[in-house]
Amino acid sequence: MSAIQKAIIIGAGPAGLAAALRLSQRNHISCVVYEIRSEPTTLGGAIGIPPNGLRLLHRLGVYESLAARGAVSSKLTVHSSNGTDLGEIDLASWSERKTGFGLMRIKRTDLLDVLLEATEKAGITIHYDKRLVAVEESAQGVSVTFSDGSTDTADLLLGCDGIHSSVRTLHVDQNIVPEYSGVSGIFSLLPTSELSPSASSVSCLNATLTPDGLFVLMPCTPSGDGLFWFFSYEVPIPASGDTRDGWEEHRKKEVERFKYNLFDVLHGVQGLWGHLLRDVVSQTKVVKFYPVFRLPLGGSWSKGNCLLLGDAAHAMQPHAGQGVSMALEDVFLLSRLLESSYTSTSDIFAKYDEIRRPRIEKIYKTAASNADRRKKTSPWRLRIMECILWIGLKGYKYCRLDRWGIGQKDLVYDIDQVEILGAFRL
Ligand SMILES: Cc1cc2nc3c(=O)[nH]c(=O)nc-3n(C[C@H](O)[C@H](O)[C@H](O)COP(=O)(O)OP(=O)(O)OC[C@H]3O[C@@H](n4cnc5c(N)ncnc54)[C@H](O)[C@@H]3O)c2cc1C
C-alpha cells in the first residue's frame, strides 16, 4: 500500500469530486479540492451516463440521489428525415441485465449537486476562485501555488481540471493541445409544460436524422417534466479563426439564428413528430452553442507525483456518452492501485497507464466514429443510410441480437474486476 496521506485535487468537476470521494472513503487519504470558478458550475445541458458509469456512482454511494433527479431509459427511437419511425433499439438491455443499471440522462447541474452534497457530507474542503499558476516537485511532495499567492503541499497532485488543464500545461505535458473535432452542437433544456400536449409522450431518447446532422430529444427528469434537446452537426473552423475570439464571434451568429437554421434543417420532418420538433425549437428561448474539442491521443498522463484524470488527460468527443464514465473509471483504478502492493507513485502510474490506455483509446475512437455520422450528407445518401438503418434495427430486434450483448460490451466493463497485479509491460 502506498504511503500517500494527502492529495491536492485541481478541479471540482465530475473527475475531481469523484476522486475526492473515493480516495477519502476507500484509501483514507485526506483530499483538498481547488476550483477555478467562484462557485459550482452552472454550465451544461444534460449528460448521459451508461451502466459502466452508473455502477461506479452506485459504489460511490450517490446512485439513489441521482436516480431521484434523472431519467432512466435506454430505449432509442430513430426517426427518418421525413418523420417516419425507422425503428427502436434498447441501448442497454443486455448490459442492464448484467450490471443492474440502465442508461441515465441527468442535468449536469444535478450530477454536480449530488457529488457536491456527498463531498460536503464526507467533510472534504473545496476552495473556489483558485487559479493554479505553478506546480513544483520536491522531496516533501508536490506543491501548488495559486494566483492569490496561497500555496499547498501534498504527497499527490491530481489534475482534474478538464480539457484546458493547467496541471497538464504547467507541469505534465505541454505538447498536447486541444484540437477542434469538426463537429459542433447546440442544445437547450425546457419544461414539457411549455410545449404541445404530445410532448408529454416523449419518454425515451429520440434521434431524428437530417442531411445536416442529428437532432436528439429526450426527457432528463424522472417525471419527464423536463426535456433536453441537442443538434449535432458539422461546422467548419470559422473564417474568423480557430481562436477563442473567432469561435466567440461564430457562437453569437449560431445562437442568433438558431431558430431559422433549425426550422430549415427540420423542414422535411412531417407528421406529428415534425410538428413536435418544430414546437420544441419554437418554444426554446435560450440555447448554448459548443464547438467540440478533444485532446489528441498519446500525451503523457503523469509526471513525478502528479496524475491527470478525466478530460484533463483524455478529453474525447461526447458522442459515445462516456466522458463522465471514463473519469469515474480513472478514479476507481487509481484508488485500487493505491491500496495494492505497489508502493511508489512511479509504479502505480506506470500500471495505471498500462491498464487505462487501451480502454481510453477504444472509447475515444468509438466517439470519433459516432461523430462522423453526424456530418453533412446529401439527401440521397441519407435515404440509403435510412434504409440500411431500418433493416439493421429490424434485424437486431427480430434476431434478438441483444442476447449476445452486441454493441453493449463496453457498457459492462468493470474497472474493479480488471487484473492489476502482474509484471509491467512497459
Ligand atoms: C456538450 C457536451 C456534451 C457531453 N455529453 C456527455 C454525455 O452525455 N455523457 C458523458 O459521460 N459525458 C459527456 N460529455 C463529456 C463530459 O462532460 C466530460 O467528459 C466530463 O465533464 C469530464 O469531467 P472532468 O471532471 O474531467 O472535467 P470537467 O467537467 O471539465 O471539470 C473540470 C473542472 O475543473 C475546473 N477547472 C478548470 N481549470 C481549472 C484550473 N486551472 N484550476 C482549478 N480548476 C479548474 C473547471 O471549472 C471544472 O469545474 C459532454 C461534453 C460536452 C462538451
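## A walk through the helices and salt bridges

R97 is a good place to begin: this arginine sits in helix α4, which covers residues 93–99. Its side of the story is an open one, because a relative accessible area of 54% makes R97 exposed. Across the fold, the C-alpha atoms of R97 and V216 lie 26 Å apart, with the two positions 119 residues apart in sequence. Please keep in mind that this is a predicted model.

### Helix α5 and what follows

Helix α5 spans residues 108–121. Its 14 residues should cover 20 Å at 1.5 Å a residue, and the end C-alpha atoms are indeed 20 Å apart, so expectation and model agree. Several residues of α5 are buried: D110, L111, L112, V114, L115, L116, A118 and T119. Just past the end of α5 comes G123, with a positive phi of about 75 degrees.

### Two non-glycine residues with positive phi

Most residues other than glycine have a negative phi. Two exceptions are worth a look here. H28 has a positive phi of about 55 degrees without being a glycine. The loop that holds H28 runs between α1 (14–27) and β2 (30–34). With a relative accessible area of 66%, H28 is exposed. R400, also not a glycine, takes a positive phi of about 50 degrees. This arginine belongs to the segment after α13, and its relative accessibility of 43% is why R400 counts as partly exposed.

### Helix α12, its kink and its salt bridges

Helix α12 takes in residues 345–372, 28 residues in total, and stretches 38 Å from its first C-alpha to its last, close to the expected 40 Å. The helix has a kink of about 35 degrees at R356, shortly before the proline P358.

What does R356 pair with? The side chain of R356 meets that of D330 in a salt bridge, at 2.6 Å from N to O. D330 is part of helix α11 (residues 323–338) while R356 is part of helix α12, so this pair ties together parts 26 residues apart in sequence. Both partners, D330 and R356, are buried. They also belong to a wider network of salt bridges that links E329, D330, R356, R359, K362 and D410.

Within α12 there is another pair to inspect. E354 and K351 form a salt bridge through their side chains, at 3.3 Å from N to O. Because E354 and K351 are three residues apart in helix α12, about one helical turn separates them. An α-helix has 3.6 residues a turn, so residues three or four places apart point the same way. E354 and K351 are both buried.

### A link between distant parts of the chain

The count of salt bridges comes to 22. One of them joins D416 to R59, with the closest N and O atoms 2.9 Å apart. This pair connects distant parts of the chain: D416 is in the segment after α13, R59 is in helix α2 (residues 51–60), and 357 residues separate them. Are these two partners buried or exposed? D416 counts as buried, since its relative accessibility is 17%, whereas R59 is partly exposed at a relative accessible area of 30%.

The three pairs described above can be set side by side:

| Salt bridge | N to O distance |
|---|---|
| D330 and R356 | 2.6 Å |
| D416 and R59 | 2.9 Å |
| E354 and K351 | 3.3 Å |

### Helix α13: a buried leucine and a surface patch

Helix α13 covers residues 379–398 and includes I384. With a relative accessibility of 45%, I384 counts as partly exposed. Together with W380 and I388, I384 forms a nonpolar patch on the surface, and the three share about 360 Å² of accessible area.

L393 is also in helix α13, but this leucine is buried, with a relative accessible area of 10%. From L393 to S38 the distance is 47 Å, C-alpha to C-alpha, and the two are 355 residues apart in sequence.

### The domain annotation

UniProt, in an unreviewed entry, lists residues 7–220 and 300–365 under "domain: FAD-binding". In the model, residues 300–365 are 62% helix and 8% strand, and the end C-alpha atoms of this span lie 18 Å apart.

How values were computed: Residues are numbered from 1 along each chain as its sequence is written. This is a predicted model: local features need pLDDT of at least 70, side-chain atom pairs count only at pLDDT 80 or more; totals for chains, interfaces and linings use all residues. Side-chain values use heavy atoms; hydrogens and water are left out. Patches are made of residues with over 30% relative accessible area and no salt bridge: like charges are joined within 9 Å, nonpolar side chains (Val, Leu, Ile, Met, Phe, Trp, Tyr) within 5 Å. Accessible areas come from the Shrake-Rupley method with a 1.4 Å probe; for residues, only the protein chains shown count as cover. A salt bridge is a side-chain nitrogen of Lys or Arg within 4 Å of a carboxyl oxygen of Asp or Glu. Helices (H or I, at least four residues) and strands (E, at least two) are DSSP runs, numbered from the N terminus. Buried means under 20% relative accessible area, exposed over 50%, partly exposed in between (1.4 Å probe, protein chains only). The expected span of a helix is 1.5 Å times one less than its number of residues. The bend at a residue is the angle between axes fitted to the seven residues ending there and the seven starting there. UniProt positions are given in the numbering used here, feature names are shortened, and annotations may be inferred rather than shown by experiment.
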